[in-house]
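Trainee: I'd like to zoom in on one part of this model and have you walk me through it slowly. Could you start from a single residue and work outwards?

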Amino acid sequence: MHNPYQTTTVKILKIEDEGSRSKLFTLEAPRDFTVRSGQFVEISLPGYGEAPISLCSDPSVKNKFELCVRKAGMVTGALHALKVGDKVGVRGPYGRPFPAEIGKQRNLLLVAGGLGLEPLRPAIWEIMKNREQYKKVQIFYGACDENDLLFTKDYDELKKKIDLHITLDKPKGLQTPVACGTGVVTTLFDHVKLYENPVAFLCGPPVMYKFVIKKLKELAFLDSDIYLSLERRMHCGVGVCNHCAVGSFFVCQDGPVFSWAELKDIKGAI
Ligand SMILES: Cc1cc2nc3c(=O)[nH]c(=O)nc-3n(C[C@H](O)[C@H](O)[C@H](O)COP(=O)(O)OP(=O)(O)OC[C@H]3O[C@@H](n4cnc5c(N)ncnc54)[C@H](O)[C@@H]3O)c2cc1C
Ligand code: FES
């Protein structure tokens, strides 16, 4: 019988610093593993527990995958202490991904705040690898300061194919691989002209959602053209334990990606 809690033990192939507070882990992929933007895995370490972490790697790479982890507590702290060659448990991928295919019919606006760039990165890879199949794409990305910028090694390639705009809440005046504005991510809406009639994918903290959605509604976006990824404390990850309930939804199974049309009437959703 299928056991939804069964983990596969995989080896850590590479560990790199990603920004000043996160580490990028390259892990060997279990059999038949697929990466889709917005989906997550439960990563486990005996004696520490499990944590949901978003997939952030190129979906076309099949034998390995990447997770970018910020140290927040027990599990993520223990992950940060691991070395190449150590092993971790993985189950998943779980959850409803961003509908990246929509970008083949409609222009896309991706808005990321902080760690929110991670779940959007597989969609960005997919678009970059198959650029001619997708319409126009803009990325608005906000980070705290230069040290918090994620995936800086991607920016040169990104800039060639995607309209990338970055802003820093409190710049420290350090050199960056791409010119950055100052202010929270919503300030970009005041300076950058959006492509025509885009669909928006948002990923960031709840406070960012409040302000970005307000801007998008001022710009006459339909609720059904706004997608966002919710973060909730999770246990089972498979719609059993009720820990991640939002209204009648389970974030682990019905989300984490929802349209604003699905969430807007649920008190406390963002
Ligand atoms: C779908 C999804 C995707 C995610 N993707 C990523 C990712 O790509 N990268 C990443 O770094 N993180 C990601 N996270 C967040 C990550 O899962 C959490 O930071 C992680 O679970 C923390 O686990 P931990 O054991 O290290 O921390 P914990 O020991 O659980 O503590 C984490 C923090 O939460 C506080 N806390 C502990 N228990 C509770 C409680 N019951 N209620 C409220 N607060 C509590 C602690 O004080 C601490 O500040 C994601 C979360 C979700 C839901
Ligand atoms: S984490 Fe258990 S129902 Fe979602």
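Which residue in strand 2 does Lys14 stand opposite?

Mentor: Happy to, and keep in mind that this is a predicted model. Lys14 sits across from Thr26 of strand 2. Zoom out a little and you get the pairing of strand 1, residues 8-18, with strand 2, residues 22-28: the two run antiparallel and are joined by six bridges. As a reminder, strands in a sheet pair through backbone hydrogen bonds, in either a parallel or an antiparallel way.

Now for the whole sheet. It is open, has six strands with antiparallel pairing, and reads 4-3-6-1-2-5 in order. Strand 4 and strand 5 are the edges, each with pairing on one side only. Ignoring direction, neighbouring strands here are turned against each other by 40 degrees on average.

Those edge strands come up again once you look at ligand 1. Strand 4 (49-54), strand 5 (64-70) and helix 1 (74-80) are the elements that each supply two or more residues to the shell around it. Strand 4 gives the most, namely five residues. The ligand has 22 residues around it, and the ones that come nearest are Ala51, Ser54, Gly73, Val75 and Thr76. Sorted by class, the shell has twelve nonpolar residues, along with five polar and five charged ones. As for domains, domain 1 (8-94) and domain 3 (230-270) each put at least three residues into the shell around ligand 1.

Methods: Residues numbered from 1 in each chain as written. Chains lettered and ligands numbered in written order. Predicted model: local features only at pLDDT ≥ 70, side-chain atom pairs only at ≥ 80, totals over all residues. Near = placed C-beta within 6 Å. Helix = DSSP H or I, 4+ residues; strand = E, 2+ residues; numbered from the N terminus. Nonpolar A, V, L, I, M, F, W, Y, C, P; charged D, E, K, R; others polar. Domains from an automatic or database assignment. Pairing = 2+ DSSP bridges. Axes fitted to C-alpha atoms, helices over the stretch in contact; angles between N-to-C directions.
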